[in-house]
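Hi everyone, thanks for making time this morning. I'd like to walk you through a structure that is probably new to most of you, so settle in and have a look with me.

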Amino acid sequence: QEKPFNLSEAEMQQSVQRLLGKNAAAVLAAYKQAHPGASPSDINFLIETDERYGAPTKVIAARKAAQQRGPVYLYRFDWETPVAGGRLKTPHALEITFVFDNTKIGERYTGGGADAAALADKMSDAWIAFARTGNPNVPKLPQWPAYRLPDRPTMVFNNESKVVNDPDKSTRVVMEKALGFG
């Protein structure tokens, strides 16, 4: 399973071509510009993640917010696990151990430690508040506004969590277009 972490430029381009067909070149250009110095494997992981999860989730959030039937809250989990020498970065579903404040139990994925525990404490409080009230705002985190256009405020969870308006806008726009959303 080493290959995905050691793609050559040509292998990465082939992977993106298989995934996005005629839209591959535009998407690759945008992601390379947004992430200068990223390895071919990192670019591939970013594109695959956004194609499968990021872009569809953002489109759903925008559509739900436009309905104005209730607040929508969007987040992105950026905390990188130290496991496997850090090469896993932020694997899919890693945040689940944080949401349920189980970073010690999930040490195999989180590496445990004080940083993971501190973030889990904040995230689990936000999820509890949301479950109880429909609003994830808690004193331990910055004010988390509801998702709305055109600002697209998004809570970015990390050791230092913050709200960012439309994070990675350039790649969001090109990926949504490539997938026929925009």
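I'll begin with the overall chain and then stop at a few individual residues.

One thing to say up front: this is a predicted model.

So, what is the chain built from? It has seven helices and three strands. If you read along the sequence, the order is α-α-α-β-α-α-α-β-β-α. The radius of gyration is 17 Å, close to the 16 Å that the globule rule gives for 182 residues, so the chain is as compact as a globular protein of that length. Along the principal axes, the C-alpha atoms fill a box of roughly 50 × 40 × 20 Å.

Now the inside and the outside. Of the 182 residues, 36% count as buried. The exposed surface comes to about 10400 Å², with carbon and sulfur atoms supplying 53% of that. As for charge, there are 23 positive and 20 negative side chains, and the centres of these two sets lie 6 Å apart. And if we take contacts with a separation of 6 or more, 53% of them join residues 24 or more positions apart.

A nice example of such a long-range pair starts in strand 1, residues 74–77, where we find tyrosine 75. How far is tyrosine 75 from threonine 154 in sequence, and how far in space? They are 79 residues apart in sequence, but 5.1 Å apart in space, C-alpha to C-alpha. Beyond its neighbours within four places in sequence, tyrosine 75 is in contact with Glu95, Trp127, Trp144, Thr154, Met155 and Phe157. With glutamate 95 there is also a polar contact, side chain to side chain, at 2.9 Å. Even with that company, tyrosine 75 counts as partly exposed because its relative accessibility is 29%.

Let's move to helix 7, residues 169–178. Its buried residues are Thr171, Arg172, Val174, Met175, Glu176 and Ala178. What covers them? The cover includes helix 1, helix 2 and helix 3. Just after helix 7, glycine 180 takes a positive phi of about 80 degrees.

Two of those helix 7 residues, Arg172 and Glu176, are also among the contacts of arginine 152. Arginine 152 sits in the loop between helix 6 and strand 2. Is arginine 152 buried or exposed? It is buried, because its relative accessible area is 13%, and the cut-off for buried is under 20%.

That loop between helix 6 and strand 2 also holds proline 150. The peptide bond from leucine 149 to proline 150 is cis, with omega near 5 degrees. For context, most peptide bonds are trans, and most residues other than glycine have a negative phi.

That second point brings me to two aspartates. Aspartate 101, in the loop between helix 4 and helix 5, has a positive phi, near 55 degrees. Aspartate 166, in the loop between strand 3 and helix 7, has a positive phi near 50 degrees. Their surroundings are worth a look too: aspartate 101 is partly exposed at 39% relative accessible area, whereas aspartate 166 is buried at 11%. Aspartate 166 is also one of the residues that arginine 152 contacts.

Last stop: threonine 97, in helix 4, residues 95–99. Threonine 97 is buried, with a relative accessible area of 17%. Not counting residues up to four places away in sequence, threonine 97 touches Asn102, Thr103, Gly106 and Thr110.

That's my tour, and thanks for listening!

Conventions
Residues are numbered from 1 along each chain as its sequence is written. This is a predicted model: local features need pLDDT of at least 70, side-chain atom pairs count only at pLDDT 80 or more; totals for chains, interfaces and linings use all residues. Side-chain values use heavy atoms; hydrogens and water are left out. Helices (H or I, at least four residues) and strands (E, at least two) are DSSP runs, numbered from the N terminus. The radius of gyration is taken over C-alpha atoms; the globule rule is 2.2 Å times the number of residues to the power 0.38. Buried means under 20% relative accessible area, exposed over 50%, partly exposed in between (1.4 Å probe, protein chains only). Contact means heavy atoms within 4.5 Å. Accessible areas come from the Shrake-Rupley method with a 1.4 Å probe; for residues, only the protein chains shown count as cover. Lys and Arg count as positive and Asp and Glu as negative; His and the chain ends are not counted. The place of a charge is taken as NZ of Lys, CZ of Arg, CG of Asp or CD of Glu. A polar contact is a pair of N or O atoms within 3.5 Å; within protein, one must be able to donate a hydrogen and the other to accept it, and residues adjacent in sequence count only if both atoms are side-chain atoms.
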